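This report describes a protein chain from its coordinates. The sequence and the structure are shown first.

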Amino acid sequence: WGSIGVIRLDPLRWGGLVIYDKDLSFFLVESLLGGGGEDRLVVPDRILTAIERHVVKPVFADVCPDLAKAFRSVVDLHVALAKVESNIRLVNIFPADAMLMVVCYTVTVGAVSGQMMLVIPYASLEPLLDKLRGGAAFSLNRDDLWRPHMEAELGQMEASLVVQLGVVNLKVRDILNFQIGDILDLGNDPAAPLQVLVEGRGKFLSQAGVRNGRKSVRIIGKVKQRS
C-alpha cells in the first residue's frame, strides 16, 4: 500500500485506518507539489519517503471531519489524524486477530484510478450496532427523504452514448493486410436502423441523417431487452 493514515476515533475502543494505494498516493504527492500530468504519472517501485508522507498528510486530515459527520446521527465522534505511515508493519493499533470492517472505494481522477480503504475494528462498532440498525431502518422506511436527492444526482451523471454503424468479425491476418482504400462490408442494409449504445448496452434504435449541416441520428424506437 502507498500511504496509511492512522486515525483516532474517540470514544470508540480502537482507532481506524484510512489507506490509499500506491497509484493514488503518488498521484496525490505529484498534484500537491504542483504537477498536473496524471496522464503521464509514473509510479515508482518504492514506498513513500518521509517528505512525501508529510505532503499527503493534509489529505488524510481532511477525511476526519467528514467521518465524524457520517457518524453524527449514531455517536459523537472526535476523529483526529494520529500519523501517516507507508509500511503496514509499523501500524499496530489493534490485535492481529481482530475482526475488521473494510470499506473499499475506487477513486478516479482523469486517467488515474486507485483504491481508498476505510478500516475500523468490528469491536469498536459492536456497541453501536443497535443504533446503526435503527438508523438504517429509519432511512429505508422514509423514501421521501433520500429518493428525490438520488433522482436529482442521477440526472446529473454523465454517460457515454455511441451510435453503432455495425459489427464485423475478421481474422487477424486480414486486419494486418488492410490497405488504404479497402472497403469493409458491415452486412447492414443502408436504410436499416442504427443501434444506440448507452454505456456499452443497446438502448435505442435510430435513423441516420443530417441536421444543421452535421451528421445526426433520430431516435425511432427502443431496443427490446431480453427477459
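The text below covers a sheet, the helices packed on it, and a surface patch.

The model is predicted. Its five-stranded sheet is open, with antiparallel pairing and the strand order β3-β1-β2-β5-β4. Strands β3 (78–85) and β4 (100–109) are the edge strands; each has a single partner, so one side of each lacks a neighbour in the sheet. On average, neighbouring strands are turned by 20 degrees against each other, direction ignored. The edge strand β4 pairs with β5 (residues 112–121) in the antiparallel sense, over ten bridges. Within this part of the sheet, T108 has S113 of β5 as its bridge partner.

Two helices contact the sheet, as listed here.

| Helix | Residues | Strands touched | Angle |
|---|---|---|---|
| α1 | 22–32 | β1, β2, β4, β5 | about 110 degrees to β5 |
| α2 | 50–71 | β1, β2, β3, β5 | about 155 degrees to β3 |

Helix α1 lies across its strands, among them β1 (3–10) and β2 (16–20). Helix α2 packs on the sheet and touches the edge strand β3.

Which residues form the nonpolar patch on the surface? The patch consists of L165, V168, L170, I175, F178, L184 and L186, and together these residues have about 580 Å² of accessible area. One of them, F178, is located in the loop between α6 (172–176) and β7 (194–198). F178 has a relative accessible area of 37%. Because this value falls between the 20% limit for buried and the 50% limit for exposed, F178 counts as partly exposed.

Definitions and conventions. Residues are numbered from 1 along each chain as its sequence is written. This is a predicted model: local features need pLDDT of at least 70, side-chain atom pairs count only at pLDDT 80 or more; totals for chains, interfaces and linings use all residues. Side-chain values use heavy atoms; hydrogens and water are left out. Two strands pair if DSSP finds at least two bridges between them. Helices (H or I, at least four residues) and strands (E, at least two) are DSSP runs, numbered from the N terminus. Axes are lines fitted to C-alpha atoms, for helices over the stretch in contact, and angles run from 0 to 180 degrees between N-to-C directions. Contact means heavy atoms within 4.5 Å. Patches are made of residues with over 30% relative accessible area and no salt bridge: like charges are joined within 9 Å, nonpolar side chains (Val, Leu, Ile, Met, Phe, Trp, Tyr) within 5 Å. Accessible areas come from the Shrake-Rupley method with a 1.4 Å probe; for residues, only the protein chains shown count as cover. A salt bridge is a side-chain nitrogen of Lys or Arg within 4 Å of a carboxyl oxygen of Asp or Glu. Buried means under 20% relative accessible area, exposed over 50%, partly exposed in between (1.4 Å probe, protein chains only).
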